[in-house]
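Student: Could you take me through one part of this predicted model in detail? I'd like a close look at one sheet and what packs around it.

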Amino acid sequence: MCQLLGMNCNVPTDICFSFEGFCARGGKTDEHIDGWGIAFFEHLGCRVFLDDNPSIKSPIAQLVKHYPIKSKNVIAHIRKATYGKVGLENCHPFQRELWGNYWVFAHNGDLHNFEPPLHGSYQPVGTTDSEKAFCYILETLRHSFPQEKPLLNELYPVLKSITKTISEYGIFNYLLSNGEYLFTHSTTNLYYFIRQAPFATAHLIDEDITVDFRSVTDDSDRVAVIATMPLTDNEQWVKVPTGQLLVFKNGDVINFSP
């Protein structure tokens, strides 16, 4: 099954450390060899890198590991193909426009016999169940709020309802962002860790690399890292409860009752 990586911060931050460990799972420490991708939100723009080669062998992945692109919201994915052939069109994350903003989506899991009615402007380019789900989410949101982007407390219950419907077809772990918020949903495995003051050292599980974040951060920095499985072995990762739709902004979880 595929793996997910997300980052949400209160200030633009690079993901080089986390991506180093995540990238190793694409053919070195795990079997996700059917492509990978990563998206960085930068103001209203979105910089997306995709490759249908294993991340461990990808020159593009090597570029990303050593190119400190700073962003407040990042979504990455390494693929183990189940639905859809190995090809660039089936690499996550997927990107579309809604309400004048880019939206980016990546999914981990299988949706069985999922054939949603897509009658609007969102149609899948590839052949994955994941891209169908993304198109269905955006089409439903646009239909629910046709005029303008809703407030979060209006959007959340609609997104939660769509998520519940899609989850009935199988495993639906996902990351979704519009550059302002990062939405995360867990059916099986999804973990997060919030790095904030007082900072300490972190050691990757998949590579023998340690970073002392005290030397590269300010006390006001706050970074939430979300992953299918924990990336470090000396930090206390929190498992997202099954069926929970969490919302991250500025490196923290938004707690509200819509």
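Tutor: S14 and strand S15 (residues 252–253) run antiparallel and are joined by two bridges. Lys 249 is the residue that stands opposite Asp 252 in S15. The hairpin these strands make has two residues between them, and Asn 250 takes a positive phi near 55 degrees there.

On to the other pairing of S14. Strand S8 (residues 182–185) is joined to S14 by four bridges, again antiparallel. To get the register, look at Thr 184, whose bridge partner in S14 is Leu 246. Four of the five residues of S14 are buried, so the strand is largely enclosed by the rest of the structure.

Now zoom out to the whole sheet. It is open, with six strands in the order S5-S6-S7-S8-S14-S15 and antiparallel pairing. S5 and S15 are the edge strands; each has a single partner, so one side of each is left without a neighbour in the sheet.

Let's walk to the S5 edge. Five bridges hold S5 and S6 together in an antiparallel pair, and Gln 95 stands opposite Val 104 in S6. This hairpin also has two residues between its strands, with Trp 99 at a positive phi near 55 degrees. In a regular strand, side chains alternate between the two faces of the sheet. You can follow that along S5: Phe 94, Arg 96 and Leu 98 point to one face and are buried, while Gln 95 and Glu 97 point to the other and are not buried.

So what does the sheet pack into? Look at the largest nonpolar core, which has 30 residues; Trp 103 and Phe 183 touch the most other members. The elements giving two or more residues to this core are strands S5 (94–98), S6 (101–108), S7 (173–177) and S14 (245–249), along with helices H3 (129–144) and H4 (152–167). H4 gives the largest share, seven residues.

Try centring your viewer on Phe 183. Leaving out residues up to four places away in sequence, Phe 183 touches Trp 103, then Leu 152, Leu 155 and Leu 159, then Tyr 174, Leu 175 and Leu 176, and finally Leu 245, Leu 246 and Val 247. A second core, separate from this one, has 24 residues, among them Phe 19, Val 64, Ala 227 and Trp 237.

H3 deserves a look too. Its 16 residues should span 22 Å at 1.5 Å a residue, and the end C-alpha atoms are 22 Å apart, which agrees. The cover over the buried residues of H3 includes S5, S6, H4 and S7. Those buried residues are a mixed bunch: Asp 129, Ser 130, Glu 131, Lys 132, Ala 133, Phe 134, Cys 135, Ile 137, Leu 138, Glu 139 and Leu 141.

One last stop, for the empty space. The largest pocket holds about 350 Å³. It is lined by 18 residues, and Thr 13, Asp 14, Phe 213, Val 216 and Thr 217 lie nearest its centre. Strand S1 (3–13), helix H1 (16–24) and strand S12 (222–227) are the elements that give two or more residues to that lining.

Key. Residues numbered from 1 in each chain as written. Predicted model: local features only at pLDDT ≥ 70, side-chain atom pairs only at ≥ 80, totals over all residues. Heavy atoms only, no water. Core = buried A, V, L, I, M, F, W, Y, C linked by side-chain atoms within 4.5 Å. Buried < 20%, exposed > 50% of the residue type's maximum accessible area, 1.4 Å probe, protein only. Contact = heavy atoms within 4.5 Å. Expected span 1.5 Å × (residues − 1). Pairing = 2+ DSSP bridges. 1 Å grid on protein atoms, 1.4 Å probe; cavity = no way out; pocket = protein on both sides within 12 Å on 5 of 7 lines; lining within 4 Å. Points joined across faces, edges and corners; volume = space filled by probe spheres on them.
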